[in-house]
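Got the viewer open? Let's take a short walk through a strand and its neighbours, then stop at a pocket.

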Amino acid sequence: MTRRPDRQRVVVPLFDGIQPLDVVGPHEVLRIATGVAGGRGYDVELVAVRPGPVRSETGLDLVARSGLPAGPIDTLLVPGGGGARRQGPPGSDGNESELVRWIRQVAPQTRRLVSVCTGAFLLAAAGVLRGEPACTHWRWADRLAAEHPEVEVLPDPIYVRSGRIWSSAGVTAGMDVALALVEEDLGPEVAQSVARELVLPVRRAGGQSQYASPVWAPPASRPSVRAAQDIVHAEPASDLRVPVLASRVGMSERHFAREFTRLVGTPPGVYVERVRVEAARGLLESGGLTVTAVASRVGFGSAETMRRAFLRRLGVAPDHYRRRFAGGVGRTAS
């Protein structure tokens with residue numbers, strides 16, 4: 001394709017099993033930014049190992065207009081999806097996919113490398129993320145860290161920048177990182193205009209934790225520790241200090257704390273705070289209680305104590321969380 005000299009070349013490789021929103025979301029951000037900037041901005045190329053339709057993991061076909069190009073490339077934006085996770089790391093025979101091999105080849109000639117969601121698996125398989133901090137969808141962060149211990153996997157950020165390497169969290173976070181690219185390239189006013197057009201914040205507060213479903217440790221194998229877990233979930237507003245819990249399940253304080261941590265994987269106090277935050281999230285989302293009332297209802301005692309716990313766990317304050325997730329954000333006409 002013919003490229004204008006005032007536009008940056010953005011190459012997006014497609015593959016079977018791609019997540020289409022990882023492509024469409026950033027594509028729309030960059031397209032709108034180019035219009036807002038009066039034609040300056042981006043030429044986005046959808047490419048693949050073989051040109052033509054590419055089947056996404058949702059069944060929606062995307063079309064690659066050309067094969068994998070040679071460098072130089074201004075921005076390589078690598079989407080995710082189940083197909084990305086299946087292409088790395090190389091098998092025991094040392095073979096790797098043609099796409100991974102191409103990423104490794106063009107990376108030195110690329111000014112900026114960006115992964116969206118599990119596209120981080122492809123960058124990691126190509127060796128691009130070695131020694132770098134990176135993020136991916138919260139559901140796949142542990143697997144990325146296990147398969148690529150050479151990568152510093154950060155499970156919570158919406159996106160991470162390390163020099164010329166950018167990575168983003170799951171799905172819609174591709175639009176967040178694309179807005180950040182626009183802000184760097186074309187300035188904050190263009191980024192703000194694009195965000196208004198798409199009804200998005202230019203920069204989301206907090207991290208992925210506020211969107212992720214709670215992931216609890218399985219019930220402990222020891223009945224007394226499992227009973228303590230049940231008490232915490234059933235009675236989050238009760239006195240759940242270690243001496244009280246230990247007494248209620250018939251264990252000494254020291255032994256209870258040691259066994260709970262060993263079997264559950266986290267100290268009792270941390271577990272209690274996590275349960276209380278999840279209980280508070282549910283009440284805040286219903287929108288019927290004040291922040292102070294919610295704090296009392298779930299056992300935090302004060303709104304300030306709950307605020308500190310929310311900032312630790314979710315990176316966002318309770319009142320901000322409620323504004324974002326309370327049911328009243330949408331309106332149904334009567």
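Start by selecting Tyr159 and Ser168: Tyr159 stands opposite Ser168, which belongs to strand E11. One thing to keep in mind as you click around: this is a predicted model.

Now widen the selection to strand E10, residues 159-162, along with E11. The two run antiparallel and are joined by four bridges. Follow the chain from one to the other and you pass through a hairpin with two residues between the strands. Click on Gly163 in that turn, where phi is positive, at about 65°.

Stay with E11, residues 165-168, and switch on its side chains. Which residues point which way? Ile165 and Ser167 go to one side, while Trp166 and Ser168 go to the other. That's the usual pattern: in a regular strand, side chains alternate between the two faces of the sheet. Whichever way they point, all four of these residues are buried.

Next, add strand E7, residues 110-115. E7 pairs with E11 too, this time in the parallel sense, over three bridges. To find your place in this pairing, pick Leu113, which sits opposite Ile165 of E11.

Last stop: the second largest pocket. Select Leu14, Phe15, Asp16, Val49 and Arg50, the residues nearest its centre among the 13 that line it. Strand E3 (52-55) and helix H3 (98-106) are the elements that each give two or more residues to this lining. Colour the lining by character and you'll get seven nonpolar residues, three polar and three charged. How much space lies in there? About 280 Å³.

Notes. Residues are numbered from 1 along each chain as its sequence is written. This is a predicted model: local features need pLDDT of at least 70, side-chain atom pairs count only at pLDDT 80 or more; totals for chains, interfaces and linings use all residues. Side-chain values use heavy atoms; hydrogens and water are left out. Buried means under 20% relative accessible area, exposed over 50%, partly exposed in between (1.4 Å probe, protein chains only). Two strands pair if DSSP finds at least two bridges between them. On a 1 Å grid over the protein atoms alone, a cavity is a set of points where a 1.4 Å probe fits but cannot get out, and a pocket is an open set with protein on both sides within 12 Å along at least five of seven lines; lining residues have an atom within 4 Å of a point. Grid points are joined across faces, edges and corners, and a volume is the space filled by probe spheres set on the points. Ala, Val, Leu, Ile, Met, Phe, Trp, Tyr, Cys and Pro count as nonpolar, Asp, Glu, Lys and Arg as charged, and the others, Gly among them, as polar.
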